[in-house]
Structure formats: structure tokens, C-alpha cells
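Reader: Please show me the sequence and the structure. I would like to ask how certain labels were assigned.

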Amino acid sequence: MRAAVYHGRRDVRVGDVPEPPEPAEGEVLLEVSTGSLCGTDLGEFLHGPKMIPLTTRSPASGHLGPVIIGHEFAGRVVAHGTGVDSLGVGARVVAGAASWCGECRWCREGRVNLCRDYFVFGLHANGGFADYVNVPATMCCEVPPACSDQAAPIAQPLAVALHALRRAGARAGDSVVVIGAG
């Protein structure tokens with residue numbers, strides 16, 4: 001299959017890589033339809049590796065070495081592992097960026113980004129800039145029919161912005177400052 005693989009600073013190569021294995025328990029195999037670039041992707045390309053585990057194994061994902069980039073992507077479920085009842089084959093989904101344990105205090109409180117087992121696909125494990133990718137079903141949301149495949153990957157950065165607004169307590173009519181491009 002074709003994929004965009006990060007090998008180091010200013011070194012992303014598009015080429016053939018092996019297809020992912022059959023999805024494990026709780027995972028779905030997605031045929032990726034679209035993806036979008038993030039400011040984090042640009043930062044890793046220009047100044048990294050800062051987060052990509054090229055020389056030291058990721059403690060959460062176990063990944064080491066070049067990685068298929070892309071953490072903002074959408075596609076269709078083509079297979080699923082055992083224990084996945086919520087997403088059938090053919091479901092059109094957008095993938096969240098990361099994986100978490102679901103069991104720790106932070107996960108139980110809904111603050112999965114603080115989970116010690118948290119890792120991001122496309123940074124700490126192979127991501128969605130490939131024909132196919134395995135991801136946990138829990139990080140996927142079905143895409144409504146009115147949403148295009150091109151718009152679906154924007155759900156991840158939109159979720160980040162909405163989370164920030166909720167955490168800040170901003171209300172309609174408040175003045176806010178947005179700093180940065182990512």
C-alpha cells in the first residue's frame with residue numbers, strides 16, 4: 001500500500017509499505033479516504049523529531065523508527081476485530097487523533113489526554129496518511145451523511161478548539177485571544 005512515512009527532519013517519503021495486520025480486539029481497519037495536515041505535522045517536518053520516536057521507543061505505543069504520519073483522517077471500516085459492535089463494515093468514520101487506556105483516573109474523569117498510556121497516531125504510531133490503518137474503534141465517530149469526506153478530518157482540530165473553549169468557560173459575547181497556527 002502507499003503511505004507517507006516520516007524518516008526525519010525534512011524527510012517524508014511517499015512509497016510502498018506493508019499493509020497493517022488484521023485488526024486486533026477492539027480495533028477497526030479503515031480504508032482512508034481523506035486526511036489533513038496539522039501544525040504539529042509541519043513542526044515535526046521542519047524542526048523534529050520532537051515527538052516522533054525515531055531513536056527511543058514510545059513508552060505508550062511501543063513504536064520505534066519511521067512512522068506513517070497523519071492524525072487527522074477519515075475513511076470507511078473494512079474490517080474489525082473482536083469486541084467491536086458499534087461500527088459495522090462500510091461505516092464512514094472520522095478517527096480521533098489518539099489512543100488512551102479508558103481505565104485510569106484521568107480517563108474515567110473524561111480527561112483522556114492526561115492518560116499515561118495516551119499516544120497519537122501519526123506521531124507515536126502509524127497514522128492515517130496511508131491506504132489503510134488500524135485504530136481503536138473507541139476513537140472513531142460515524143460521519144453524518146451531510147458531511148463530506150473532505151470536511152470530516154477537520155472534526156479533530158474542531159474538537160480541540162471546542163475543548164479549549166469549554167475549559168476556558170468562554171461564552172457568547174466574550175472577547176478571547178487565539179495565539180498560534182495549530
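Author: Q156 has its place in helix 3, residues 155-168; helices are DSSP runs of H or I with at least four residues, strands are runs of E with at least two, and both are numbered from the N terminus. This is a predicted model, where local features need pLDDT of at least 70, side-chain atom pairs count only at pLDDT 80 or more, and totals for chains, interfaces and linings use all residues. Residues are numbered from 1 along each chain as its sequence is written, and side-chain values use heavy atoms, leaving out hydrogens and water.

Reader: Why does Q156 count as buried or exposed?

Author: Buried means under 20% relative accessible area, exposed over 50%, and partly exposed in between, with a 1.4 Å probe and protein chains only. Q156 has 16% relative accessibility, so Q156 counts as buried.

Reader: Which residues is Q156 in contact with, leaving aside neighbours within four places in sequence?

Author: H71, E72 and A97; contact means heavy atoms within 4.5 Å.

Reader: What makes H80 buried, exposed or partly exposed?

Author: The relative accessibility of H80 is 37%, which lies between the two cut-offs, so H80 counts as partly exposed. H80 lies in strand 5 and touches P23, E27, V28, L87 and V89, not counting residues up to four places away in sequence.

Reader: What makes a set of residues a nonpolar core?

Author: The members are buried Ala, Val, Leu, Ile, Met, Phe, Trp, Tyr and Cys residues joined through side-chain atoms within 4.5 Å. The largest such core here has 18 residues, of which V28, L30, L87, V135 and C140 touch the most other members. Strand 3 gives the most to this core, three residues.
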